Amino acid sequence: MNKNKFRNLLRSADASIPCDTVFTGGKVLSVFSGVLEDVTFAVTDGMIVGFGESYKSDHVVDLKGKTVVPGLIDSHIHIESTLATPKEFSKAAIRHGITTVIMDPHEIGNVLGTKGLDFMLESSKNLPVTFQMMLPSCVPATIHETSGAILRAEDLAPYYEDHRVSGLAEMMDLTGVKTTRDDVLQKLMDAKKHRKTLDGHGAGLSAMDNNLYRVAGISTDHECTTVEEAKDRLSKGFYVHIREGSVAKNFDTLLPVVTKNNHHRFTFCTDDIYIDDLYENGSIDTMIRKAIASGLDPIDAIKMATLNPATCYHLQDLGAVAPGYQADFVVLKNLESFHIHSVYQKGHCVFQEEEVIFSYENHPLPALPRTVTLKKLTLDDLSMVSGTGVLHVIEILSNSLLTNHLVMETPVNQEVAIGPTADLAKLFVMERHGNHGNMGKGIVKGFKMKSGAVATTIAHDSHNLVALGVHDEDLLLAVQRIEEIGGGLVLVENKKILAELPLEIGGLMSSAPLEEITEKLQKVREMEKMLFDELDFNPFLTLSFLTLPVIPTLKITDKGLFDTNQQTFIAFDEELQQTEI
């Protein structure tokens, strides 16, 4: 802020000069006192400069008795997982009162490294949503997969000079912390030196591991899936981000842990959510409504979505409707129903009565290189024959990132019998960053796939190509089509492409408008019903997390099946040891 702007704000604050806008007739929720107040407030240069009747402006907005609450904050989200650019994401977010997100560009970082981080910073400027970035801590996430890039401590350090960088994103490398690996320590120390927030990733961590993380300076966790985990994190001073995304849904389990005494250490987040899910069903606003319906005090629920995440991430001018705070707020028709009438960002109305009011002109996307390069694939490559009579099978759990490790019998030296009868499908992960063309093979149970094949370049965290199918010719076509369109989602049946969504930005995001993305996603959803039976989960999102070898129990990468309990790779037909029989 320059001195003239600072001077102008001060003069506005003491009513020496007119303000840009005066808002009257509303009930303002104070997240500090926990009460609703009938108060007039004034805004200048995007900041709330004061409460009271002394302020004058040529622009007066009569709120007509409606309730004003702070703009909502999603405390942890991967924008790339929405499949949309920040620009198109913002169109869906502001409809639901979301004016700030804490984004972790871990996905595009794994594909494009610093070019990906630069893209996210540049493409998220000057939008009706504030995008705060956490720097990806683990690119690659582990040594057990092949990423398109590596981000070392020295690559990340310069970004701390950007005021939109809020800290170090989810630390998944427990081994690196435990063994005090130099680069991991440097990343932690750099974030601490700049007084930034350090995010955790507590999936599968023990109580002792969490002691280690807290001493390392890590203060948040969005991976709690049980009451016991949440209580452990809470007792040790973590912020617990209650997650409700398109695949991982922990809200119902964790909300009962929230009380009057501890609600200030909880926030809401989505982590991974599709853009059509956000557009149609909301996210943080929906969690507030569910919390209120479950008996939580409405004011406490709103604090969890505003002041708490702002405090957690040291966003000193966000999270409240008060003098000195950025004028991001939501106007509600009713507090208890959280029915949104309009949304303001920096004092300007950006959404009102179901209409987005923001000019998106002159917002070009930075250019990025093509990111899908595959080794030539044949039908023979898709053959799966057990030489031992043993099958190690990934069993998915509906709406969970966790999996089970099943061991099954199969005829020796015969093609594995897959299909709907046994509810088994083939699973392949192919390195697609132009390195060596590795391919991991596996069998998965639980998708209830009855025909065809699907493929996608969304495969956490290194985002190689992952393909699932029960017919080899369909699998081959799906993989080939993915390469042709530069990444995305493809569904195939009977050697015909049923639906596709090109994701040409890093194989993760579409440059298309929100409406076009949602239309193509709707077609994908419809065609999913042709391939899968009794769907009660999102098959593509579930598929994309089977490649994440930091979450239990059996996963798959381009290097093969990975047993997270034993921290070792196994062949899909690996013979059992005597102790396992």
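A polar contact is a pair of N or O atoms within 3.5 Å; within protein, one must be able to donate a hydrogen and the other to accept it, and residues adjacent in sequence count only if both atoms are side-chain atoms. Across the interface of domain 1 and domain 2, three residue pairs are in polar contact, with both residues at pLDDT 80 or more.

Before going on, please note that this is a predicted model: local features need pLDDT of at least 70, side-chain atom pairs count only at pLDDT 80 or more, and totals for chains, interfaces and linings use all residues. Residues are numbered from 1 along each chain as its sequence is written, and side-chain values use heavy atoms, with hydrogens and water left out.

## Domains and their meeting place

The chain is divided into domain 1 (3-65), domain 2 (69-356) and domain 3 (379-570), with bounds that come from an automatic or database domain assignment. Taken over C-alpha atoms, the centres of domain 1 and domain 2 are 29 Å apart.

How many residues of domain 1 are in contact with domain 2? There are 18, and they meet 22 residues of domain 2; contact here means heavy atoms within 4.5 Å. Between them the two domains bury about 1600 Å², 77% of it on carbon and sulfur atoms. Buried area is the accessible area (1.4 Å probe) that two parts lose on being put together, summed over both. On the side of domain 1, Leu29, Val31 and Ile48 lose the most area to domain 2, together 38% of what that side buries.

Salt bridges, in contrast, number zero across the interface of domain 1 and domain 2. The elements of domain 1 that give two or more residues to the side touching domain 2 are β2 (27-30), β3 (35-38), β4 (41-44) and β5 (47-51). The largest share, five residues, comes from β5. Helices (H or I, at least four residues) and strands (E, at least two) are DSSP runs, numbered from the N terminus.

## Salt bridges

A salt bridge is a side-chain nitrogen of Lys or Arg within 4 Å of a carboxyl oxygen of Asp or Glu. By this rule the count comes to 27. Here are some of the pairs:

| Pair | Closest N to O distance |
|---|---|
| Arg525 and Asp276 | 3.2 Å |
| Arg481 and Glu500 | 2.8 Å |
| Lys520 and Glu516 | 3.3 Å |

Arg525 lies in helix α16 (residues 514-531) and Asp276 in helix α11 (residues 275-281), so their pair ties together parts that are 249 residues apart in sequence. Are these two partners buried or exposed? Arg525 is partly exposed, with a relative accessible area of 21%, while Asp276 is buried at 7%. Buried means under 20% relative accessible area, exposed over 50%, and partly exposed in between (1.4 Å probe, protein chains only).

The salt bridge between Arg481 and Glu500 also links distant parts of the chain: Arg481 is in helix α15 (residues 472-485) and Glu500 in strand β27 (residues 496-502), 19 residues apart. Arg481 is partly exposed at 23% relative accessibility.

Lys520 and Glu516 are four residues apart in helix α16, so about one helical turn separates them. Lys520 is partly exposed at 29%, and Glu516 is partly exposed at 35%.

Elsewhere, a network of salt bridges links Asp221, Asp232, Arg233 and Lys236.

## A span from the record

UniProt, in an unreviewed entry, places the feature "domain: Adenine deaminase C-terminal" at residues 401-567. UniProt positions are given in the numbering used here, feature names are shortened, and annotations may be inferred rather than shown by experiment. In the model, this span is 23% helix and 31% strand, and its end C-alpha atoms lie 17 Å apart.
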